[in-house]
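Grab the structure and work through these exercises with me. Each one sets a task, and then we solve it step by step.

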Amino acid sequence: MSTASMVKGTAMPASLPWSGLLALSTAAFTAVLTELLPAGLLPRIAPALGVSEARVGFLVSGYAAASFVAAIPLTALLRGLPRRRVLTGALLGFAVADAVVAVSSSYFLTFAARLLAGCVGGLLWAMLAGYAARMVPAERRGRAIAVVLAGITVALSLGVPAGTALAGALGWRPAFGVLAGLALLLVGWVRWRVPGFPGEPPHARVPLARVAALPGVRAILSVTLFLLLGHQVMYTYVAPFAAHAGYGRTGVVLLMFGVATVAGIWITGVLVDRHPRATLLAALALCAAVMLALGPYAGSPAVLLGAVALWGLAFGGAPTLIQTALVDASGPAHADLATSLQTTVYNAGIAGGSLTGGFVLDGLGPGALPWTALPLVVGALVTVAAARRHAFPAVRREP
């Protein structure tokens, strides 16, 4: 690069290091696709492994449980190692796990491979935002994180449907073989274009409890939990809710949501470094307004689809805004540990929201889902509004 800014004595590129950030974004894409692809292939995988579709579903829940359990201890255990070595090790773990799934005819071996994938997935999610933050100056941190987390949106909106279509054309085993090959290619890409950073020396390691107690961190984790609980209450059961509203084309509803999330993350990338607090408040307020509209007016197809599009627009950028706030509050040096906490809270929110929505669906019916999600989203909004000093300041602090 022709110009650079000096941050803490280290030369940083004046523009975004696109190749390295896109490698991290592709790593996020690979992780999401590895986690969710079995869900769309249950009827194909079950006969090949000689088990029921319900037991194949455990391949998804087992991954999520392993990620939940492993994120914090693995991150803490490996924090002293060079960061790029840990990152490539996680990608090699994905390659091995996906390759085993592609060739295994044993359910128990396949399940073990999925547990391995979940463990390295938890480790990877704890690293990505902090890694992106260390690759750029502080004033570009939010945009760098947005680029990396865009891999999640691309995987959900394009990757999972494409992977399912590939499995339909060639078989489910080649689909996992392609994933294994992609993870191997990523190892080379990361070694070529992603800078290496040292691990934490023993004398500089801050205990996990102290990271959790840093000003602003607990408020940010609370916002993560509230938002994911509210989101999953609705998103998990969007099909029965749409049917209850008289609109049975769930695929169209999900497409509207997916396309809108792409727009949401693009808008967030533009605004996150200049107006992070205002953008997050607007996103959460829009989510709350959507739940308020879906409660009484979802019977109108125009209202239903319009509200879902606004929901996707608002939710698409929220993870970037929250993770940027977390990295700012913890500092890039402690971002991996802080993000491992968030990964655990994130998975807890997904599980808790799905469970809560299931109870509401069985007990009160689909019409009660938006009213259940609304106070949870409002809880996230109120927390952001109140935590303006350390967690979500009006002006981002320099490191």
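**Exercise 1. Place Thr320, then find its company.**

Start with the address: Thr320 sits in helix 13 (helices, H or I with at least four residues, are DSSP runs numbered from the N terminus). Before going further, keep in mind that this is a predicted model, where local features need pLDDT of at least 70, side-chain atom pairs count only at pLDDT 80 or more, and totals for chains, interfaces and linings use all residues. Residues are numbered from 1 along each chain as its sequence is written, and side-chain values use heavy atoms, with hydrogens and water left out.

Next, is Thr320 buried or exposed? Its relative accessible area is 0%, so Thr320 is buried (buried means under 20% relative accessible area, exposed over 50%, partly exposed in between, with a 1.4 Å probe and protein chains only).

Last step, the company: setting aside neighbours within four places in sequence, Thr320 is in contact with Gly142, Ile145, Ala146, Leu149, Ile265, Thr268 and Val272 (contact means heavy atoms within 4.5 Å).

**Exercise 2. Work out how helix 13 packs against helix 12.**

Take the geometry to begin with. Helix 12 covers residues 276-297 and helix 13 covers residues 301-330; they pack at an angle of about 150°, with axes 8 Å apart. Axes here are lines fitted to C-alpha atoms, for helices over the stretch in contact, and angles run from 0 to 180 degrees between N-to-C directions.

Now put a word to the angle: helix 12 and helix 13 are therefore roughly antiparallel. The scale goes like this: under 35 degrees is roughly parallel, over 145 roughly antiparallel, 65 to 115 roughly perpendicular, and the rest oblique.

For the handedness, helix 12 passes helix 13 in a left-handed crossing (left-handed if the near helix is turned anticlockwise from the far one by less than a right angle, right-handed if clockwise).

Then look at who meets whom. On the helix 12 side you'll find residues including Ala283, Leu286, Cys287 and Met291, and on the helix 13 side residues including Leu304, Trp311, Phe315 and Ile322. By class, this contact of helix 12 with helix 13 has 20 nonpolar, one polar and no charged residues. In this sorting, Ala, Val, Leu, Ile, Met, Phe, Trp, Tyr, Cys and Pro count as nonpolar, Asp, Glu, Lys and Arg as charged, and the others, Gly among them, as polar.

**Exercise 3. Now do the other partner: helix 13 with helix 14.**

Helix 14 takes in residues 335-363, and its axis comes within 9 Å of that of helix 13, crossing at roughly 140°. That makes helix 13 oblique to helix 14. The crossing of these two is right-handed.

Which residues of helix 14 does helix 13 meet? They are Ala335, Ala338, Thr339, Gln342 and Tyr346, reached by Phe315, Pro319, Ile322, Gln323, Leu326, Val327 and Ser330 of helix 13. The contact of helix 13 with helix 14 has eight nonpolar, four polar and no charged residues.

**Exercise 4. Track down Phe176 and the largest nonpolar core.**

Begin with the core: it holds 64 residues, and Leu24 and Phe176 touch the most other members. (A nonpolar core is a set of buried Ala, Val, Leu, Ile, Met, Phe, Trp, Tyr and Cys residues joined through side-chain atoms within 4.5 Å.) Helix 5 gives the most to this core, with 13 residues.

Zoom in on Phe176: not counting residues up to four places away in sequence, Phe176 touches Leu37, Pro38, Leu41, Ile45, Asp98, Val101, Ala102 and Arg114.

Phe176 also turns up where helix 2 and helix 7 meet. The axes of those two helices come within 10 Å and cross at roughly 100°. That makes helix 2 roughly perpendicular to helix 7. Arg44, Ile45 and Ala48 of helix 2 make the contact with Trp172, Arg173 and Phe176 of helix 7.

**Exercise 5. Compare the exposure of two spots on helix 7.**

Gly181 is found in helix 7, and so is Arg191. With a relative accessible area of 28%, Gly181 is partly exposed. Arg191, at 57% relative accessibility, counts as exposed.

Finish with Arg191's neighbours: leaving out residues up to four places away in sequence, Arg191 touches Arg84 and Thr88. The C-alpha atoms of Arg191 and Thr88 are separated by 7.7 Å, though the two are 103 residues apart along the chain.
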